[in-house]
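Reader: I have a model open at the bench. Please show me how to read a few of its features.

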Amino acid sequence: MTALNSAIGYEAASKVAKQSLAEKKTVRQVVIDRGHVADGKLTEQQLDEALDVLRAAYPGREVVGVDARPLYARGGGIHCITQQQPAT
């Protein structure tokens with residue numbers, strides 16, 4: 001919720017987090033439902049950027065999602081296909 005503090009304030013961000021958890025909704029949806037986008041506090045693009053945790057964690061890098069469901073279905077995971085990298 002820290003990413004939203006500068007746009008909607010600490011108290012509002014806290015309420016968004018609590019409502020999101022209680023209603024099993026995404027934080028993004030709750031921010032929109034509570035009118036923070038409609039009242040102009042932030043745009044949907046700004047909201048998406050604020051909630052992009054991976055971009056914030058890896059600045060300057062491109063984060064690419066991988067559909068790992070076929071691996072999980074067979075009892076594996078990403079670590080199973082990435083741990084045996086040949087030495088260079």
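Author: We take three residues in turn, then a surface patch.

Author: This is a predicted model: local features need pLDDT of at least 70, side-chain atom pairs count only at pLDDT 80 or more, and totals for chains, interfaces and linings use all residues. Residues are numbered from 1 along each chain as its sequence is written, and side-chain values use heavy atoms, with hydrogens and water left out.

Reader: Is serine 20 buried or exposed?

Author: Buried means under 20% relative accessible area, exposed over 50%, partly exposed in between (1.4 Å probe, protein chains only). Serine 20 has 10% relative accessibility, so it counts as buried.

Reader: What does the side chain of serine 20 reach?

Author: A polar contact is a pair of N or O atoms within 3.5 Å; within protein, one must be able to donate a hydrogen and the other to accept it, and residues adjacent in sequence count only if both atoms are side-chain atoms. Here the serine 20 side chain reaches the backbone oxygen of lysine 25 at 2.5 Å.

Reader: Which residues is leucine 51 in contact with, leaving aside neighbours within four places in sequence?

Author: Contact means heavy atoms within 4.5 Å. Leucine 51 contacts Leu4, Val27 and Arg28. Its C-alpha atom is separated by 7.9 Å from that of leucine 4, 47 residues apart along the chain. At 29% relative accessibility, leucine 51 is partly exposed.

Reader: Why does valine 66 count as exposed?

Author: Because its relative accessibility is 61%.
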